[in-house]
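This report looks at charged contacts, cysteines and backbone features in one protein model. The structure is shown first, and the discussion follows.

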Amino acid sequence: RVEDFFFAATMLGRAFHSTGDEKYADLLAEYLRPVDSTLQTNNLWWHCKASPYFWARGNAFAALGFAEALTYLPDNHVSRPKLLETHLRHLGGLAERQDASGMWRQIIDMPSTFLEFSATAMIGYSIARGLRKGWLGSEWRSVADKTWDGLSQRIGPSGELEHVCVGTGPLATLDEYINRPYSDGLDDRGGAVALWFAVEMARLESETGGPE
């Protein structure tokens, strides 16, 4: 499951950062290296093999997981070039399917599905982190800015959010993903990832200047 990319990278990456023990970096790379074989030809990820659908937050978990891994893996780690290549392929597939609003859809490749808040925030964070850390080129800045513009318009004055998909495990059919409920208003999940994105954009602007 794509959620596991994020869980593994967050825990093992931080364990390496905190301890300096290379076994954690090696375990993380060993876990993520083989997953590129499950990246589909459209450069998107299924939720899992049992649920072969391009769910937005699933793809966002994948992007976030790779961004976390690249944050903590040493620059000279033998697996870093391959992981970066996979990450760039995936981000390219996502960028091709970004809505004109700056958001991403509940089903990434289905323009008829709703604009989903949490996935957009997570993907935006992944792009902003890559820009700030230097593994994404300056051409990605306009994508990050467009994402922030779209997301920020869906945050109310008291923190209300628009269209955060509810908690979702693997589902049996595409229709179940399409019709999955969403919350409007205050939402811990959506609010947390929006804060991640907001902080990363603030750091990016403080280090590199405002939007181009």
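A residue is called buried here when its relative accessible area is under 20%, exposed when that value is over 50%, and partly exposed in between. By this cut-off R132, with a relative accessible area of 19%, counts as buried because its value is under 20%. The model under discussion is a predicted one, and the statements below should be read with that in mind.

## Salt bridges

A search of the whole structure finds 14 salt bridges, and three of these pairs are set out in the table, each with the separation of its N and O atoms.

| Pair | N to O separation | Relative accessible areas |
|---|---|---|
| E3 and R1 | 3.1 Å | E3 4%; R1 46% |
| R14 and E68 | 2.4 Å | R14 32%; E68 0% |
| E207 and R132 | 3.2 Å | E207 49%; R132 19% |

In the salt bridge between E3 and R1, the acidic residue E3 is buried, whereas R1 is partly exposed. The side chains of R14 and E68 also meet in a salt bridge, with 2.4 Å from N to O. Because R14 belongs to helix α1 (residues 3-19) and E68 to helix α3 (residues 56-72), this pair ties together parts of the chain that are 54 residues apart in sequence. R14 is partly exposed, at 32% relative accessibility, while E68 is buried, with a relative accessible area of 0%.

The third pair joins E207 to R132, whose closest N and O atoms are 3.2 Å apart. Since E207 lies in helix α8 (residues 188-208) and R132 in helix α5 (residues 117-133), the contact ties together parts that are 75 residues apart in sequence. Here E207 is the partly exposed partner, with a relative accessible area of 49%, and R132 is the buried one. Both residues also belong to a network of salt bridges that links R129, R132, E200, R203 and E207.

## A negative surface patch

Which residues form the negative surface patch? The patch is made up of D21, E22, D26 and E30. Of these, E22 is found in helix α2, which spans residues 22-32, and E22 counts as exposed, with a relative accessibility of 55%.

Another acidic residue, D149, is located in helix α6 (residues 141-152), where D149 counts as partly exposed at 43% relative accessibility. The C-alpha atoms of D149 and R105 are separated by 16 Å, and the two residues are 44 residues apart along the chain.

## Cysteines

How many disulfides does a search of the whole structure find? The search finds zero. A disulfide requires a pair of cysteine sulfur atoms within 2.5 Å, and the sulfur of C48 is 14 Å from the closest cysteine sulfur, that of C165, so the two are too far apart for a bond. Seen from the other side, the closest cysteine sulfur to that of C165 is the one in C48, again at 14 Å and too far for a bond. C48 counts as buried at 14% relative accessibility, and C165 likewise counts as buried, at 0%.

## Backbone and loop positions

Most residues other than glycine have a negative phi. Against this background, N43 has a positive phi, near 65 degrees, in a residue that is not glycine, and N43 lies in the loop between α2 and α3. H163 is also not a glycine, yet has a positive phi of about 65 degrees. H163 is found in strand β3 (residues 161-165) and is partly exposed, with a relative accessible area of 22%.

The loop between α2 and α3 also holds S51, which counts as buried at 1% relative accessibility. S51 and L174 are 123 residues apart in sequence, but their C-alpha atoms are 8.2 Å apart in space.

Key. Residues are numbered from 1 along each chain as its sequence is written. This is a predicted model: local features need pLDDT of at least 70, side-chain atom pairs count only at pLDDT 80 or more; totals for chains, interfaces and linings use all residues. Side-chain values use heavy atoms; hydrogens and water are left out. Buried means under 20% relative accessible area, exposed over 50%, partly exposed in between (1.4 Å probe, protein chains only). Patches are made of residues with over 30% relative accessible area and no salt bridge: like charges are joined within 9 Å, nonpolar side chains (Val, Leu, Ile, Met, Phe, Trp, Tyr) within 5 Å. Accessible areas come from the Shrake-Rupley method with a 1.4 Å probe; for residues, only the protein chains shown count as cover. Lys and Arg count as positive and Asp and Glu as negative; His and the chain ends are not counted. The place of a charge is taken as NZ of Lys, CZ of Arg, CG of Asp or CD of Glu. Helices (H or I, at least four residues) and strands (E, at least two) are DSSP runs, numbered from the N terminus.
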